[in-house]
Amino acid sequence: MEELNQEPKSVTRCHIVALPFRGRGLINPMMNFCTHLAHKLGDSIKITFVVTEEWLGILESTPMPPQILLRSFRNVIPSEFSKSLTLDFESFLEIVVAKLEAPFEAVLNTSEPASCIITDFYLTWAYPIGNKRNIPVVTFWTTSSFVFFVLCHADLLTKNGHSLANISGT
């Protein structure tokens, strides 16, 4: 009977820091996923969604659940909307790897401690940051199941005489 008279235990609020790869085709799916989590888990979750200032301006007018807080860091990478962007994807990825890590760490330093980091597949530097802070890092990969299948079985394709096409044009 003593159990009935006890105070209810406080619920620990999970704080997820979400970091999408910059690009509409990657930011929107991660935002949709975070919105779904917020609706499903209610007040037991807080999500800090981290983007560049450029994307903050785009997302600020988007209605979202109160559990999602938008945070940004300055634009340290080329704009997705620039007509003069002539970088190939590999060069752009090198810039992202070189320039986004420090601003992301600054956001982590100025927000409440994270329970988990959800990051895009391409942002591999998030793993050492999470390990250093003892925060689990989860990969969010927005690709089709077909591409995933091909990547998982590339060795079998090659072994059976099929070659993976060079679609880069070089």
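Select strand β4, residues 116–120, and then β5. Four bridges join the two strands, and they run parallel. Keep in mind that this is a predicted model. For one rung of the pairing, pick aspartate 120. Its bridge partner in β5 is phenylalanine 140.

Now widen the selection to the whole sheet. Five strands make up an open sheet with parallel pairing. Read across it in the order β3-β2-β1-β4-β5. Colour the two edges next: β3 covers 68–73 and β5 covers 137–140. Each of these edge strands pairs on one side only. Look along the sheet for its twist: on average, neighbouring strands are turned by 25° against each other, direction ignored.

Add helix α4, residues 101–109. This helix packs on the sheet. Show its contacts: α4 touches β1 (14–19), β2 (45–52), β3 and β4. Compare directions, and α4 makes about 135° with β3.

Move on to helix α5, residues 126–133. Helix α5 lies across β4 and β5, the pair where the tour began. Its direction runs at about 160° to that of β5.

Last stop: helix α6, residues 145–152. Select leucine 151, which is found in this helix. Is leucine 151 buried or exposed? Its relative accessible area is 52%, and exposed means over 50%, so leucine 151 counts as exposed. Switch on the surface and add Phe146 and Val147. Together with Leu151 they form a nonpolar surface patch. The three residues share about 300 Å² of accessible area.

Notes. Residues numbered from 1 in each chain as written. Predicted model: local features only at pLDDT ≥ 70, side-chain atom pairs only at ≥ 80, totals over all residues. Heavy atoms only, no water. Pairing = 2+ DSSP bridges. Axes fitted to C-alpha atoms, helices over the stretch in contact; angles between N-to-C directions. Contact = heavy atoms within 4.5 Å. Patch = residues over 30% accessible without salt bridge, like charges linked within 9 Å, V, L, I, M, F, W, Y side chains within 5 Å. Areas by Shrake-Rupley, 256 points an atom, 1.4 Å probe, with all protein chains shown as cover. Salt bridge = Lys/Arg side-chain N within 4 Å of Asp/Glu carboxyl O. Buried < 20%, exposed > 50% of the residue type's maximum accessible area, 1.4 Å probe, protein only.
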